[in-house]
Amino acid sequence: MGFMTKKAFITGITGQDGAYLTHLLLTKGYEVHGLMRRTSQFNNARIQELCGHLPLPGGASLEERLFLHYGDSTDSLNITTLVEDIQPDEIYNLAAQSHVKVSFEMPVYTCDVDALGTLRILEAVRQARLTEKTHVYQASTSELFGKVQEIPQTEKTPFYPRSPYGVAKLFAYWMTVNYRESYGMFASNGILFNHESPFRGETFVTRKITLAVARILNGLQSHLELGNMDAKRDWGHARDFVEAMWRILQHDEPGDFIIATGEQHSVREFVTLAFEFVGIPIRWEGTGLEEVGIARVPFLSADGKAVGFVPGHGLGNVPMEERVVVKVNPDFFRPAEVETLLGNPEKSRSVLGWNAQTSFPQLVHEMMEYDLRKIHAD
Ligand code: NAP
Ligand code: F7E
């Protein structure tokens, strides 16, 4: 064959990043192993859609390159056995209860998966005597900065997490550093700022917006209800960010890296751009709980069938009306909010040669395009 196939083990393979990372590693010729939870229905739709028809190096089939293993980050024995059996060159620990608001409702479970789950991975590598072989990537997060102590945030900015999710990820961050320093492991943190895509979970704000706007433009939904629209995020594309994860594990030395675009936008700006994608301006009126967004959009469909924006054809002649399309609902507020996040990606640029490729408008457009097509396909 002439080259050694590297083996990667991805926890959280069924999630947004797991699917994009699997795509990247398969195209690079890796043998990819993934940890998949047992669920009552198959949960590999993202992997299927992104990787199902991927031409692989050397003409290999997907069955020869991709292996899914049942397991759970809360099950130490399962994790240890899998790491021992697979003997991976690289582990990407992406598994997490990743929803910040949900973490306030399930703090103990969130800590079990996000904090102890990371320790289980690190300890499994040690128990399997793989500390010199296996490179470990930990999915750290800008939520570590929470109530930000400095703008923009760098690798040296002090942490101040604001949710059980953030606190659990803080434990995982330091445990990764500790295994690196104690056992000489190649264990690195990628401190990733928000990254989105058409494969983003539907309850995260960006995807909630693009799906709702696509439905409103087709008469299937009257309006969208949001929480804090003043929140600002440094939003990038998941496809670009998984490339950074891979680069972090190929670097000569382990370390901790901020991965961000260096640009921030508010939730309100995201909504405005989503409507503008189809040429519909939105007008904002009122403040606080009374704030609304008003736009001229198709009437609600009488029979629940999509009418309005047809991809490739635009809005056509459908009857339109001006109405409230965005309202504030305090149910979506959080007990403690992270108001603003902005990363300084200088280190990853200079050390890893990584740069975000997708602009903010390109990201919104790709997500809108996907969801408009999805509405008509469903
Ligand atoms: P995601 O779409 O929510 O995916 C999370 C993955 O973790 C899913 O595959 C999920 O499995 C799995 N998982 C959850 N609980 C588990 C458990 N108990 N055992 C095993 N697997 C479990 O998240 P993502 O956006 O891809 O993010 C990937 C990682 O990066 C997460 O650790 C997240 O916290 C972190 N992160 C994300 C961002 C971002 O903006 N996306 C930024 C910084 C860091 P199911 O499919 O079965 O639910
Ligand atoms: O919220 C505000 C909300 O849930 C973004 C995870 O991937 O990124 C993600 O965490 C902002 C917040 O993401 C709604 O209050 C307003 O200020 O999309 P989100 P997140 O909390 O930033 C980090 C980096 C991670 O690590 C996490 O795993 O939007 N917001 N209205 C809303 N948010 C939601 N979900 N729903 C709303 O209706």
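Let's start with a word we'll need: a residue is called buried when its relative accessible area is under 20%, exposed when that value is over 50%, and partly exposed in between. Keep in mind that the model above is predicted.

**Exercise 1. Get a feel for the whole protein**

Task: Find how many helices and strands the protein has, and decide how compact it is.

Solution.
- Step 1: Count the elements. The protein has 12 helices and 15 strands.
- Step 2: Compare two radii. The radius of gyration is 22 Å, while the globule rule gives 21 Å for 378 residues. Those values are close, so the protein is as compact as a globular protein of that length.
- Step 3: Look at the extent. The C-alpha trace spans about 65 × 50 × 40 Å along its principal axes.
- Step 4: Check the burial. Of the 378 residues, 54% count as buried.

**Exercise 2. A salt bridge between two helices**

Task: Work out which parts of the chain the pair Arg207 and Asp371 ties together, and whether each partner is buried or exposed.

Solution.
- Step 1: Check the contact. A salt bridge needs a Lys or Arg side-chain nitrogen within 4 Å of a carboxyl oxygen of Asp or Glu. Arg207 and Asp371 meet at 2.7 Å, N to O, so the pair passes.
- Step 2: Place the partners. Arg207 sits in helix 8 (residues 205-216) and Asp371 in helix 12 (residues 360-377), so this bridge links parts that are 164 residues apart in sequence.
- Step 3: Judge the burial. Arg207 has a relative accessible area of 5%, which makes it buried. Asp371 is buried too, with a value of 0%.

**Exercise 3. Helix 12 again**

Task: Find which helix Arg239 lies in, and say how accessible Arg239 and its partner Glu366 are.

Solution.
- Step 1: Look at the distance. The side chains of Glu366 and Arg239 form a salt bridge of 3.1 Å, N to O.
- Step 2: Place the partners. Glu366 belongs to helix 12 and Arg239 to helix 9 (residues 238-250), so the pair connects parts that are 127 residues apart in sequence.
- Step 3: Compare with the cut-offs. Glu366, at 25% relative accessibility, is partly exposed. Arg239 is partly exposed as well, at 38%.

**Exercise 4. From a pair to a network**

Task: Describe the salt bridge of Arg268 with Asp230, then name the network that these residues belong to.

Solution.
- Step 1: Take the pair. The closest N and O atoms of Arg268 and Asp230 are 2.8 Å apart.
- Step 2: Place the partners. Arg268 is in helix 10 (residues 267-276), and Asp230 is in the loop between strand 8 (224-226) and strand 9 (232-233), so the bridge ties together parts 38 residues apart in sequence.
- Step 3: Check the burial. Arg268 counts as buried at 18% relative accessibility, whereas Asp230 is partly exposed at 45%.
- Step 4: Widen the view. Salt bridges with shared partners join Asp230, Arg268 and Glu291 into one network. Over the whole structure, the search finds 17 salt bridges.

**Exercise 5. The surroundings of ligand 1**

Task: Say how many residues surround ligand 1, which elements supply them, and how much of the ligand the protein covers.

Solution.
- Step 1: Count the shell. There are 26 residues around ligand 1, the closest being Thr14, Arg37, Asn43, Ser98 and Tyr165.
- Step 2: Trace the elements. Helix 1 (16-27), helix 6 (107-127), strand 5 (135-141) and helix 7 (164-183) each give at least two shell residues. Strand 5 has the largest share, with three residues.
- Step 3: Sort by class. The shell splits into 10 nonpolar, 11 polar and five charged residues.
- Step 4: Pick out contacts. A side-chain N or O atom of Arg37 is 2.7 Å from a ligand 1 oxygen, and a polar side-chain atom of Ser98 is 2.7 Å from an oxygen of ligand 1. Gly15 uses a polar backbone atom, 3.0 Å from an oxygen of ligand 1.
- Step 5: Finish with cover. On its own ligand 1 has 900 Å² of accessible area, and the protein covers 91% of that.

**Exercise 6. The surroundings of ligand 2**

Task: Which residues come nearest to ligand 2, and which classes make up its shell?

Solution.
- Step 1: Name the neighbours. Ser98, Thr141, Tyr165, Arg334 and Glu337 come nearest among the 23 residues around ligand 2.
- Step 2: Sort the shell. It has nine nonpolar, eight polar and six charged residues.
- Step 3: Pick out a contact. A backbone N or O atom of Gly227 lies 2.8 Å from a nitrogen atom of ligand 2.
- Step 4: Check the cover. The protein covers 95% of the 690 Å² that ligand 2 has accessible on its own.

Methods. Residues are numbered from 1 along each chain as its sequence is written. Chains are lettered from A and ligands numbered from 1 in the order in which they are written. This is a predicted model: local features need pLDDT of at least 70, side-chain atom pairs count only at pLDDT 80 or more; totals for chains, interfaces and linings use all residues. Side-chain values use heavy atoms; hydrogens and water are left out. Helices (H or I, at least four residues) and strands (E, at least two) are DSSP runs, numbered from the N terminus. Buried means under 20% relative accessible area, exposed over 50%, partly exposed in between (1.4 Å probe, protein chains only). A residue is near a molecule or strand if one of its heavy atoms lies within 4 Å of it. A polar contact is a pair of N or O atoms within 3.5 Å; within protein, one must be able to donate a hydrogen and the other to accept it, and residues adjacent in sequence count only if both atoms are side-chain atoms. Accessible areas come from the Shrake-Rupley method with a 1.4 Å probe; for residues, only the protein chains shown count as cover. Ala, Val, Leu, Ile, Met, Phe, Trp, Tyr, Cys and Pro count as nonpolar, Asp, Glu, Lys and Arg as charged, and the others, Gly among them, as polar. The radius of gyration is taken over C-alpha atoms; the globule rule is 2.2 Å times the number of residues to the power 0.38.
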